[in-house]
Amino acid sequence: MPEGPSIVILKEAVQKFKGKKVLESSGNTKAPLPELQSKTVIDFKSWGKHFLICFKGFAIRIHFLLFGTYRIDERKPAPPRLSLRFANGELNFYTSSIQLITEDLDTVYDWTADTMNENWNPAGARKKLKANPDMLACDALMDQSIFAGVGNIIKNEVLFRIKVHPESRVGALPAKQLNALIREAVIYCFEFYEWKKAYVLKKHWLVYNQKTCPRDMIPFRRKNLGRGQRKTFYCESCQQLYK
DNA sequence: CCGGTTGTTCAGCG
DNA sequence: GCGCTGAACAACCG
């Protein structure tokens with residue numbers, strides 16, 4: 001479920017509940033949520049992989065982590081973490097991390113760091129990358145404070161596109177590659193979004209979960225790389241290592 | 001049954 | 001008090 005584009009798709013899918021009153025809420029979340037019954041959803045927002053349900057004076061933050069799912073007007077057999085019933089349907093979340101946010105969202109979230117937000121600021125990302133020259137390219141793309149919304153699939157595809165080895169140091173990247181990294185991270189998010197909506201995402205993967213490099217037809221390397229030791233595919237031949 | 005996974009958080013340590 | 005690391009957590013699929 002989790003990369004940023006999927007959250008934007010969710011946000012669009014729940015628009016019919018915007019401005020609607022919660023008739024009943026339930027779920028096994030341990031988050032200390034206020035009473036939701038009879039409260040009105042003011043807006044749905046997203047920041048990277050965070051999905052935000054906004055009420056007057058507070059918001060509920062939903063993070064799907066690795067295994068989270070949701071259903072709209074449907075239910076899974078498993079008990080929901082949070083379920084909201086409206087007059088025109090219901091919204092169910094499973095296995096997600098749920099938090100209450102009482103602070104102003106504009107102070108909690110840096111909207112300019114969200115790759116799919118209208119306020120995305122590439123110059124800000126560039127500045128953060130410049131400030132962390134020792135960071136590996138694979139870690140930089142996964143860093144939510146720099147590229148909120150980018151996940152492991154997008155990471156792999158972006159690095160392949162720009163022909164950069166995942167273990168390259170950010171500070172060693174020539175300006176051209178550094179700018180390409182920032183640019184393609186955003187472009188790929190929007191392509192991911194379009195492909196996912198059309199149910200054709202997987203067939204567009206060039207490197208993630210793939211066996212052979214389509215550029216020079218040699219086997220991809222597959223290693224667990226970076227701080228999180230995440231699954232990383234790359235071509236030793238066409239993705240250059242900058243050290 | 002086991003291995004694998006579109007992710008984050010936090011305890012424990014130096 | 002900090003940064004880093006590894007464990008913990010979660011549900012479903014093949």
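This passage describes how a protein chain meets two DNA strands in a predicted model, and how some of its helices and strands are arranged.

We can begin with DNA strand B. Around this strand lie 18 residues, and those that come nearest are Phe67, Tyr208, Arg222, Arg230 and Lys231. On the DNA side, sugar and phosphate make up 74% of the strand B atoms found within 4 Å of the protein. Sorted by residue class, the protein surface near DNA strand B consists of eight nonpolar, four polar and six charged residues.

Several side chains approach the backbone of DNA strand B through polar atoms. For Lys49, a polar side-chain atom is placed 2.8 Å from a phosphate oxygen of DNA strand B. His63 also faces a phosphate oxygen of this strand, with an N or O atom of its side chain at 3.2 Å. Glu3 has a polar side-chain atom 3.2 Å from a sugar or linking oxygen of DNA strand B. In terms of secondary structure, two or more residues of the surface near DNA strand B come from each of strand S4 (58–63), helix H5 (152–161) and strand S10 (230–234).

Turning to DNA strand C, the surrounding residues are Phe67, Lys76 and Thr95. Phe67 is thus a residue that also appears among those nearest to DNA strand B. Of the DNA strand C atoms within 4 Å of the protein, 57% are sugar or phosphate atoms, and bases supply the rest. Lys76 brings a polar side-chain atom to 3.0 Å from a phosphate oxygen of DNA strand C.

The strands of the protein deserve a look next. Four of them form an open sheet in the order S1-S6-S7-S5, and the pairing is antiparallel. At the edges of this sheet are strand S1 (24–26) and strand S5 (69–72), each of which pairs on one side only. With direction ignored, neighbouring strands of the sheet are turned against each other by 10 degrees on average. Strand S7 (residues 89–94) runs antiparallel to S5, and four bridges join the two. Within this pairing, Arg71 has Asn92 in S7 as its bridge partner.

A separate antiparallel pairing links strand S9 (residues 221–225) with S10 over five bridges. Here Arg221 is matched with Tyr234 of S10 as its bridge partner. S9 and S10 form a hairpin with four residues between the strands, and in this hairpin Gly226 adopts a positive phi near 85 degrees. This hairpin can be tied back to the DNA: S10 is one of the elements that give two or more residues to the surface near DNA strand B, and Arg222, Arg230 and Lys231 are among the residues nearest to that strand.

Helix packing completes the picture. H5, another element contributing to the surface near DNA strand B, packs against helix H6 (residues 175–197) at an angle of about 125 degrees, with the two axes 9 Å apart. H5 is therefore oblique to H6. The crossing in which H5 passes H6 is right-handed. H6 also packs with helix H1 (residues 4–13), at an angle of about 55 degrees and with the axes 8 Å apart. This angle makes H1 oblique to H6. H1 passes H6 in a right-handed crossing.

Note on methods: Residues are numbered from 1 along each chain as its sequence is written. Chains are lettered from A and ligands numbered from 1 in the order in which they are written. This is a predicted model: local features need pLDDT of at least 70, side-chain atom pairs count only at pLDDT 80 or more; totals for chains, interfaces and linings use all residues. Side-chain values use heavy atoms; hydrogens and water are left out. A residue is near a molecule or strand if one of its heavy atoms lies within 4 Å of it. A polar contact is a pair of N or O atoms within 3.5 Å; within protein, one must be able to donate a hydrogen and the other to accept it, and residues adjacent in sequence count only if both atoms are side-chain atoms. Ala, Val, Leu, Ile, Met, Phe, Trp, Tyr, Cys and Pro count as nonpolar, Asp, Glu, Lys and Arg as charged, and the others, Gly among them, as polar. Two strands pair if DSSP finds at least two bridges between them. Axes are lines fitted to C-alpha atoms, for helices over the stretch in contact, and angles run from 0 to 180 degrees between N-to-C directions. Angles under 35 degrees count as roughly parallel, over 145 as roughly antiparallel, 65 to 115 as roughly perpendicular and the rest as oblique. A crossing is left-handed if the near helix is turned anticlockwise from the far one by less than a right angle, and right-handed if clockwise.
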